[in-house]
Amino acid sequence: MQIVFRQITIKLLLTLALVALAPGLVVAQGIQPFVGTYVGSADLTLDGETKSRDMSVTIAETRKGYSVEWTSTTFKSDGRTKTKAYEVGFVPSQRDNIYASAMKTNVFGKAVPLDPLQGEPFVWGRIEGDTFTVFSLFINEAGEYEMQEYHRTLVEGGLNLEFLRVRNGVAEKGVTAFLKKQ
């Protein structure tokens with residue numbers, strides 16, 4: 001009787017341990033197909049001027065979730081370049097396939113999103129099928145907003161990137177590009 005009870009207790013503890021680890025397993029399974037480094041370029045026409053842009057993104061698993069690091073270099077007609085680089089960590093949320101950004105540490109040592117009401121971007125990620133999307137919300141001092149969406153869809157050899165910027169309900173900018181897996 002004691003041996004049977006001990007076996008049941010061990011099985012129960014193992015089951016509980018697996019359930020406790022489930023959010024981490026979901027991240028590993030959800031983000032795993034996207035993990036890697038991708039590079040590409042696109043031409044963007046704004047105000048009648050065409051600008052070339054080099055882009056790269058690295059998606060990596062972390063101990064508690066995943067991170068996304070992306071760079072965009074714009075080539076100006078006068079020979080100058082402008083490079084922007086970002087890195088955001090993500091952790092599982094209470095909702096399936098939605099991930100909270102982990103951009104600062106609160107007073108309890110937990111990684112949490114930034115505060116959009118303080119002029120900081122509020123960022124989250126979503127995995128839906130073969131598309132991994134990062135959303136970023138900015139609220140300016142006048143209370144107006146800007147949304148940026150980075151849709152990265154798995155395709156043979158890499159990712160199709162679709163970027164969209166919307167300000168106060170009006171689409172202002174869009175970029176599409178193929179990013180080749182390195």
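Reader: Which residues are linked in a network of salt bridges here?

Author: In this predicted model, the network of salt bridges links Glu146, Arg165, Arg167 and Glu172.

Reader: How far apart are the N and O atoms where Arg165 and Glu172 meet?

Author: The side chains of Arg165 and Glu172 form a salt bridge with 3.4 Å from N to O, and Glu172 also has a salt bridge with Arg167, where the N to O distance is 3.1 Å.

Reader: Why does Glu172 count as partly exposed, and not as buried or exposed?

Author: Glu172 has a relative accessible area of 35%, and because buried means under 20% and exposed means over 50%, a value in between is called partly exposed. The same reasoning serves for Arg167, which is partly exposed because its relative accessible area is 34%.

Reader: ok, and how many salt bridges are there in the whole structure?

Author: A search through the whole structure gives 5 salt bridges. One of them joins Asp78 to Arg80, with the closest N and O atoms 2.7 Å apart.

Reader: Are Asp78 and Arg80 buried or exposed?

Author: Asp78 and Arg80 are both exposed, whereas Glu172, in the network we began with, is partly exposed.

Reader: Changing topic, what does the secondary structure come to?

Author: The protein has 1 helix and 12 strands, and if you read along the sequence, the pattern is α-β-β-β-β-β-β-β-β-β-β-β-β, with the helix written ahead of the strands.

Reader: So how do S2 and S3 pair?

Author: Strand S2, which covers residues 49–61, pairs with strand S3, residues 66–75, in the antiparallel sense, and 10 bridges are found between them. A hairpin of 4 residues joins S2 to S3, and as an example of a bridge, Met55 has Ser72 in S3 as its partner.

Reader: What about S8, which strand do its bridges join it to?

Author: Strand S8, residues 122–128, is joined to S9 by 7 bridges, and the two run antiparallel. Trp124 has Phe135 in S9 as its bridge partner, and in the hairpin between S8 and S9, which has 2 residues between the strands, Gly129 takes a positive phi near 65°.

Reader: And what does S9 pair with on the other side of the sequence, towards S10?

Author: S9 pairs with strand S10, residues 145–155, in the antiparallel sense over 9 bridges, and Ile139 stands opposite Tyr145 in S10. The hairpin of S9 and S10 has 5 residues between the strands, and there Gly143 takes a positive phi near 85°.

Reader: How many residues of S9 are buried?

Author: Strand S9, residues 131–139, is mostly covered, as 7 of its 9 residues are buried. For the protein as a whole, 31% of the 182 residues count as buried.

Reader: And how much accessible surface does the protein have?

Author: The accessible surface of the protein comes to about 11600 Å², and 55% of that belongs to carbon and sulfur atoms.

Reader: Last one, what share of the contacts join residues at least 24 apart?

Author: If you take the contacts between residues at least 6 apart in sequence, 29% of them join residues at least 24 apart.

Technical notes
Residues are numbered from 1 along each chain as its sequence is written. This is a predicted model: local features need pLDDT of at least 70, side-chain atom pairs count only at pLDDT 80 or more; totals for chains, interfaces and linings use all residues. Side-chain values use heavy atoms; hydrogens and water are left out. Two strands pair if DSSP finds at least two bridges between them. Buried means under 20% relative accessible area, exposed over 50%, partly exposed in between (1.4 Å probe, protein chains only). A salt bridge is a side-chain nitrogen of Lys or Arg within 4 Å of a carboxyl oxygen of Asp or Glu. Contact means heavy atoms within 4.5 Å. Accessible areas come from the Shrake-Rupley method with a 1.4 Å probe; for residues, only the protein chains shown count as cover.
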